[in-house]
Amino acid sequence: MTELEPGDDGAGDFAAVAYREEDYWDVDLLPVALTEDLKGLLHALRQQPSISGAIGLVSVGDDFFLVVRVYGRDDVSIFLSDVTASVDWPVARQVLEHLEIDQPDEDDLDQVLPAGDLSILADLGLDEMELGALAGDLDLYPDEVLASIAERLGFQQAFQRALDGMG
């Protein structure tokens, strides 16, 4: 496997922020460059006030996704759908560094294993088992898993509107 460079075709890559104001959810797209920069993503999420924390939804290639939740300045939870993505994708390596998890050994590259906080969305109705099952479903692309998460949490229409704005 070769590491993809920022100039490679990342046409399906996106980063979005979901946030709740009053009784409704809204979703906005973030700059696509944030699919490659965990620090930048965290900074962008911290800019969005929300009663249940800002939720970052990131799809990278056909390979993996991130769910990042930020409450205030210092409370950050991250879920990475596949640790083996860290071999090819810098942002996945940044996540593992943030989580203080070692990159997988060559022997472990044939398994899809999530990392991080499986309970990241449990208080919103998506429990650990369901998130783990979604992450492990190899028939779904990362954007499809994120759409399913958005549906389960109640902001699928806002999520779809944001994605439709990608052009």
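A residue counts as buried when its relative accessible area is under 20%, as exposed when that area is over 50%, and as partly exposed in between. Keep this handy for the exercises below, and remember that you're working with a predicted model.

**Exercise 1. Decide whether glutamate 151 and valine 32 are buried, partly exposed or exposed.**

Solution.
- Step 1: find glutamate 151, which sits in helix H4.
- Step 2: take its relative accessibility, 52%, and hold it against the cut-off: because this is over 50%, glutamate 151 counts as exposed.
- Step 3: now go to valine 32, in the loop between E2 and H1.
- Step 4: its relative accessible area is 47%, so valine 32 falls in between and is partly exposed.

**Exercise 2. Work out the strand order of the sheet and name its edge strands.**

Solution.
- Step 1: start with E1 and E2, which pair in the antiparallel sense over seven bridges. One pair to look for is tyrosine 19 with its bridge partner in E2, aspartate 26.
- Step 2: go on from E1 (residues 14–21) to E3 (residues 54–60); they're antiparallel too, joined by five bridges. Here alanine 18 faces isoleucine 55 of E3, and phenylalanine 14 has serine 59 of E3 as its bridge partner.
- Step 3: join E4 to E5 through six bridges, again antiparallel. Valine 70 is opposite valine 76 in E5.
- Step 4: add E6, which pairs with E5 in the antiparallel sense over two bridges. Phenylalanine 79 has glycine 116 in E6 as its bridge partner.
- Step 5: put it together. The six strands make an open, antiparallel sheet in the order E2-E1-E3-E4-E5-E6. Strand E2 (24–30) and strand E6 (115–116) pair on one side only, which makes them the edge strands.

**Exercise 3. Find which helices pack on the sheet and which strands they touch.**

Solution.
- Step 1: look at helix H1 (residues 38–46), which packs on the sheet and touches E1, E2, E3, strand E4 (64–71) and strand E5 (75–80). The direction of H1 makes about 45° with that of E4.
- Step 2: move to helix H2 (residues 90–99), which also packs on the sheet, touching E3, E4, E5 and E6. The direction of H2 makes about 130° with that of E5.
- Step 3: check how covered E1 is. Six of its eight residues are buried, so E1 is mostly covered.

**Exercise 4. Find a residue with a positive phi in each of two hairpins.**

Solution.
- Step 1: take the hairpin of E1 and E2, with two residues between the strands. In this turn, glutamate 22 has a positive phi of about 55°.
- Step 2: take the hairpin of E4 and E5, with three residues between the strands. Here glycine 72 has the positive phi, near 65°.

**Exercise 5. Describe the second largest pocket: its volume and its lining.**

Solution.
- Step 1: note the volume, about 220 Å³.
- Step 2: list who's closest to the centre. Of the 16 lining residues, these are Asp62, Asp63, Asp137, Leu138 and Leu140.
- Step 3: trace the lining back to the fold. E4, helix H3 (128–136) and helix H4 (142–153) each supply at least two residues.
- Step 4: sort the lining by class, and you get 10 nonpolar, one polar and five charged residues.

**Exercise 6. How far apart are valine 32 and leucine 66, in sequence and in space?**

Solution.
- Step 1: along the sequence, the two are 34 residues apart.
- Step 2: from C-alpha to C-alpha, they're 14 Å apart in space.

Terms used. Residues are numbered from 1 along each chain as its sequence is written. This is a predicted model: local features need pLDDT of at least 70, side-chain atom pairs count only at pLDDT 80 or more; totals for chains, interfaces and linings use all residues. Side-chain values use heavy atoms; hydrogens and water are left out. Two strands pair if DSSP finds at least two bridges between them. Helices (H or I, at least four residues) and strands (E, at least two) are DSSP runs, numbered from the N terminus. Contact means heavy atoms within 4.5 Å. Axes are lines fitted to C-alpha atoms, for helices over the stretch in contact, and angles run from 0 to 180 degrees between N-to-C directions. On a 1 Å grid over the protein atoms alone, a cavity is a set of points where a 1.4 Å probe fits but cannot get out, and a pocket is an open set with protein on both sides within 12 Å along at least five of seven lines; lining residues have an atom within 4 Å of a point. Grid points are joined across faces, edges and corners, and a volume is the space filled by probe spheres set on the points. Ala, Val, Leu, Ile, Met, Phe, Trp, Tyr, Cys and Pro count as nonpolar, Asp, Glu, Lys and Arg as charged, and the others, Gly among them, as polar. Buried means under 20% relative accessible area, exposed over 50%, partly exposed in between (1.4 Å probe, protein chains only).
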